[in-house]
Amino acid sequence: MTNEFVKALSSSVQKEAEELGYTGDSFKIYDGKNEVETQVSQIEQAVTLGVDGIIIEPVSTDGIVKAVKDAEKAGVKVVILNQRIGQNKSFSLEESDLFSPINMM
């Protein structure tokens, strides 16, 4: 991660998750390396692993839309941070109590 905002955000989220007992396989932070294909693959992997929720700071506002829609169709709660994605604003975003789902990405 090269963006200082994302580094600070990831560090804070990880600390809070650990304090709430999310460790090991129940909590992961992925680095999309500022590549849409990498981030899409990570979202798809998280869905395949059966996570309950994903928190995403998108590397592209349009490039991850299909992956996010597919995650939501699979029943995964999705939180988008720091920007809106796609033209359609119909995504169901969790806006509070980010740590109530277990197995977060």
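**Exercise 1. State which residue follows helix H1 and what is notable about its phi.**

Solution. Helix H1 is followed by Gly21. The phi of Gly21 is positive, near 95°. Helices here are DSSP runs of H or I with at least four residues, strands are runs of E with at least two, and both are numbered from the N terminus. The model is a predicted one, in which local features need pLDDT of at least 70, side-chain atom pairs count only at pLDDT 80 or more, and totals for chains, interfaces and linings use all residues. Residues are numbered from 1 along each chain as its sequence is written, and side-chain values use heavy atoms, with hydrogens and water left out.

**Exercise 2. Find which residues with positive phi, other than glycine, lie in the loop between H1 and H2, and classify their exposure.**

Solution. Step one: Lys33 is not a glycine, yet its phi is positive, about 50°. Asn34, also not a glycine, has a positive phi of about 60°.

Step two: Lys33 is in the loop between H1 and H2, and Asn34 lies in the loop between H1 and H2 as well.

Step three: a residue is buried under 20% relative accessible area, exposed over 50% and partly exposed in between, with a 1.4 Å probe and protein chains only. Lys33 has a relative accessible area of 54%, so it is exposed. Asn34 is exposed because its relative accessibility is 66%.

**Exercise 3. Check the span of H1 and locate its buried and exposed sides.**

Solution. Step one: H1 covers residues 4-19, which makes 16 residues. The expected span is 1.5 Å times one less than the number of residues. This gives 22 Å for H1, and the end C-alpha atoms are 23 Å apart, which agrees.

Step two: the buried residues of H1 are Val6, Ser10, Val13 and Ala17. They cover an arc of only 70° around the axis, so they are on the same side of H1. The arc is taken over the directions from the helix axis to the C-beta atoms. An α-helix has 3.6 residues a turn, so residues three or four places apart point the same way.

Step three: on the face of H1 turned away from the buried side are the exposed residues Glu4, Lys15 and Glu19.

Step four: Ser11 also lies in H1. With a relative accessible area of 48%, Ser11 is partly exposed. Its C-alpha is separated by 9.5 Å from that of Ile29, 18 residues apart along the chain.

**Exercise 4. Repeat the analysis for H2 and H3.**

Solution. Step one: H2 has 14 residues and reaches 20 Å from its first C-alpha to its last, close to the expected 20 Å.

Step two: Gln39, Val40, Gln42, Ile43 and Ala46 are the buried residues of H2. Their arc around the axis is only 160°, which puts them on the same side of H2. The face turned away from that side carries the exposed residues Glu37, Thr48 and Leu49.

Step three: in H3, the buried residues are Val65, Ala67, Val68, Ala71 and Glu72. Down the axis of H3 they fall within an arc of 165°, so they line one face of the helix. Exposed Lys66 and Lys73 are on the face of H3 turned away from its buried side.

**Exercise 5. Determine which elements build the largest nonpolar core.**

Solution. Step one: the chain has three helices and two strands, in the order α-α-β-α-β from the N terminus.

Step two: a nonpolar core is a set of buried Ala, Val, Leu, Ile, Met, Phe, Trp, Tyr and Cys residues joined through side-chain atoms within 4.5 Å. The largest core has 15 residues, of which Ile43, Ile54, Ile56, Ile64 and Val68 touch the most other members.

Step three: H2 (36-49), E1 (53-56), H3 (65-73) and E2 (77-80) each supply at least two residues of this core. H3 gives the most, with four residues.

**Exercise 6. Place Val76 in the chain and in space.**

Solution. Step one: Val76 lies in the loop between H3 and E2. Its relative accessible area is 6%, so Val76 is buried.

Step two: Val76 and Gly53 are 23 residues apart in sequence, while their C-alpha atoms are 5.2 Å apart in space.
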